[in-house]
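Work through the two exercises below with the structure open. Each task is followed by its solution.

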Amino acid sequence: MIAPNSLFEATPAAAQTDAPGAPRLESSKGMPEQTGAFSDASSDVVEQSRSLERGFFVSTKRDTFLAFRSKGEVIQALVFFVMVVSLFPLAIGAETVLLKRIAPGVVWVAALLSVLLTLPRLFASDYLDGTLEQMLLSPFPLTLIVAGKMAAHWLTTGLPLALIAPLLGLQFGLGGDELAVLVISLLLGTPILSMLGAVGAALTLGVRGGSVLVALLILPLYIPVLIFGAGAVEAVASGIDYGANLSLLGAGLLFGALATPFAVAAAVKISLD
Amino acid sequence: MTGAVPETERKIKPNAMPKSSAVQGTFRAEGLTLARGARWLFRGLSLRVCGGEALLLRGANGSGKTSLLRVLAGFTVPDGGKLFWNDRPLAPLGSVGRDLLLYIGHANAIKDDLTALENLAEALVMDDVAAANRTPEALCSALDSVGLSARRDLPARKLSQGQKRRIGLARLLLVDKPLWLLDEPTNALDTDGVNLFTGIINSHLERGGLVLIASHLSIPLAGTVRELNLDETVELAA
C-alpha cells in the first residue's frame with residue numbers, strides 16, 4: 001500500500017487548559033520536595049562522573065535478592081539435580097566399577113539439565129511484567145545489567161550445584177582427587193552454562209513454547225562444556241593429566257564472559273522491538 | 001504556584017534562567033514512519049514538544065498510540081525518521097535518551113514477590129536515582145502521597161491492579177527525568193487515582209517537564225496541552 005507523505009504537527013487543541021478544579025499536590029500533603037531543575041537534561045554533555053559500571057552489581061544484587069525471595073525455584077533445580085543423579089545407582093545397581101566409570105558423565109549431564117530447567121526464569125518474568133523495558137531505559141548500560149543477571153543466575157544455580165556435587169559423587173564411590181576435580185570443573189563450567197543459556201533465553205523471549213526451544217537451541221552448544229567437564233574427572237580417574245580439560249573450560253569461561261553479555265543485550269533489544 | 005506558566009515565561013533562553021527555574025528542553029520527532037504488515041501505522045509523522053507542554057496521543061484501538069510511544073522511547077526502531085532533543089539527534093536507547101526518558105507502559109514492572117516499598121526501591125536503584133533522593137523516608141512519603149501508606153509492606157501480589165499502578169505514580173514523584181512517555185497511565189486507576197495522577201503531571205509541567213500521554217480520558221492538565229489524533233494519520237495514509 002502506498003501512502004502520500006504527510007507531515008503532522010501536533011495541533012494546539014485544548015490549549016491552556018486551566019483547570020481550577022484540578023487537584024494540586026501540595027507539599028503539605030507529604031509530597032516529597034522536588035527540585036526545581038532537572039539535573040542533567042539541560043546540559044548538553046551527559047554527566048560522566050557517575051559510575052555506570054555499578055550496573056553490574058546493582059543487577060546481580062537485585063536478581064539474587066529476588067531469587068532468595070522465591071526460594072522455591074532455586075531449591076527445585078537443586079532437588080532435580082540430586083534426584084536425577086541418584087536415579088542412576090538405583091537403576092544400575094551396586095556395581096561399583098561401572099558406577100565409578102559413569103559418575104562424571106552422570107553428574108555433568110544432570111547439572112546441565114537442571115541449569116536448563118532454570119533458564120526460563122532468567123528473563124521471562126522480567127519480560128512479562130515490564131521490568132525488562134525499564135532495564136533498557138536504565139542509565140546503566142544494558143550489557144552490564146544482563147551480565148549482572150547472568151552472574152546472579154550462576155550464584156543461585158551453578159554454585160549450589162557445584163557445592164552439592166561432592167556429596168553425590170560419594171554415592172558413586174569417587175575418590176578424593178576425583179571429587180576435587182569434579183567440583184573445580186563444575187565451578188569453571190557452570191558459569192559457561194549460565195552464559196550460553198542466557199543467550200538462548202534472550203533469543204526466545206516472547207516465543208510460544210520458548211522453554212523447549214531454548215533446550216533445542218542451547219543443548220548443542222553445551223556439548224563442549226560437557227566433554228571437557230566430564231573429561232577432566234575421567235582423566236584424573238585414569239591417572240592422566242587433567243590440566244588441559246580445565247584450561248579449556250577456563251578459556252571458555254573467559255571468552256563467554258567477554259562475548260555473551262553483548263549477544264544477550266542485542267537479543268533482548270530485538271525481543272522488545 | 002497554581003495555573004499555567006505564561007507562554008512568554010517559557011521562552012526564556014536557558015542561560016538567562018535562574019538556577020532554580022525549570023529546564024527548557026525540546027523533544028522533536030521528524031518524519032517517523034512505521035509499517036506493521038502491509039499497513040503504515042504512521043508515515044512521515046513529525047511532532048514537537050517543548051518544556052512545560054503536554055501532548056496527548058489520541059486514536060482508536062490499533063491506531064498506533066503504543067507503537068508511537070515505543071518508537072519515541074527507542075524500543076522500536078522506526079522504518080524512517082529521527083528523534084531530537086534540543087536539536088541534537090537521539091540514538092534509540094542511547095545514553096542521552098536513557099537519561100532523559102521515563103517510560104511507563106501497560107506493564108507495571110512490579111515484582112509480585114516484593115513489597116510495595118521494595119518494588120519502589122528496586123525501581124529507583126535501576127533508575128540510578130541518587131541515594132540521597134531515595135532514602136527510606138523519601139520512599140515512604142512518596143508511597144503515603146499516592147495513598148499506599150497502609151499497604152507499604154504488603155507483597156505486591158496482594159495489591160490490586162490500581163494499587164500497583166500507584167506504585168508507578170510514586171516512582172514518577174522520585175525520578176528526576178524531564179521527558180515522560182506514559183501509555184494509558186490512568187488504566188485501572190480510580191477517580192481519586194486519576195486526580196492524583198493529574199496533580200503529578202501538572203507539577204511536572206510546572207517544572208518545565210515534557211509529557212506525552214496516550215490516553216482515552218480527557219485529563220484536566222494545566223499549561224499547554226496539545227493533541228495528536230492518530231486516526232487522522234491513518235486516514236491520510238490509506
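**Exercise 1. List the buried residues of helix 5 of chain B, then say what they pack against.**

Step 1. The buried positions in helix 5 of chain B are Ala138(B), Leu139(B), Cys140(B), Ser141(B), Ala142(B), Leu143(B) and Ser145(B). This is a predicted model. Buried here means under 20% relative accessible area.

Step 2. Set this against the length of the helix. Helix 5 spans residues 136-145 of chain B, and 7 of its 10 residues are buried, so the rest of the structure largely encloses it.

Step 3. Find the neighbours. The buried residues of helix 5 pack against three segments of chain B: helix 4 (116-126), helix 6 and helix 7 (191-206).

Step 4. Look just past the end of helix 5. There Gly147(B) has a positive phi of about 80°.

**Exercise 2. Give the strand order of the open sheet in chain B, identify its edges, and place the helices that pack on it.**

Step 1. The open sheet has 5 strands in the order 6-7-8-3-9, with parallel pairing.

Step 2. Strand 6 (101-104) and strand 9 (224-229) of chain B are the edges; each has a single partner strand, so one side of each lacks a neighbour in the sheet. From one strand to the next, the twist averages 15°.

Step 3. Check one edge. Strand 6 runs parallel to strand 7 (residues 179-183) of chain B, joined by 4 bridges. Tyr103(B) lies opposite Leu181(B) of strand 7.

Step 4. Add the helices. Helix 2 (residues 65-73) of chain B packs on the sheet and touches strands 3, 6, 7, 8 and 9, its direction making about 150° with that of strand 7. Helix 6 (residues 161-174) of chain B also packs on the sheet, touching strand 6 and strand 7, at about 170° to the direction of strand 6.

Note on methods: Residues numbered from 1 in each chain as written. Chains lettered and ligands numbered in written order. Predicted model: local features only at pLDDT ≥ 70, side-chain atom pairs only at ≥ 80, totals over all residues. Heavy atoms only, no water. Pairing = 2+ DSSP bridges. Helix = DSSP H or I, 4+ residues; strand = E, 2+ residues; numbered from the N terminus. Axes fitted to C-alpha atoms, helices over the stretch in contact; angles between N-to-C directions. Contact = heavy atoms within 4.5 Å. Buried < 20%, exposed > 50% of the residue type's maximum accessible area, 1.4 Å probe, protein only.
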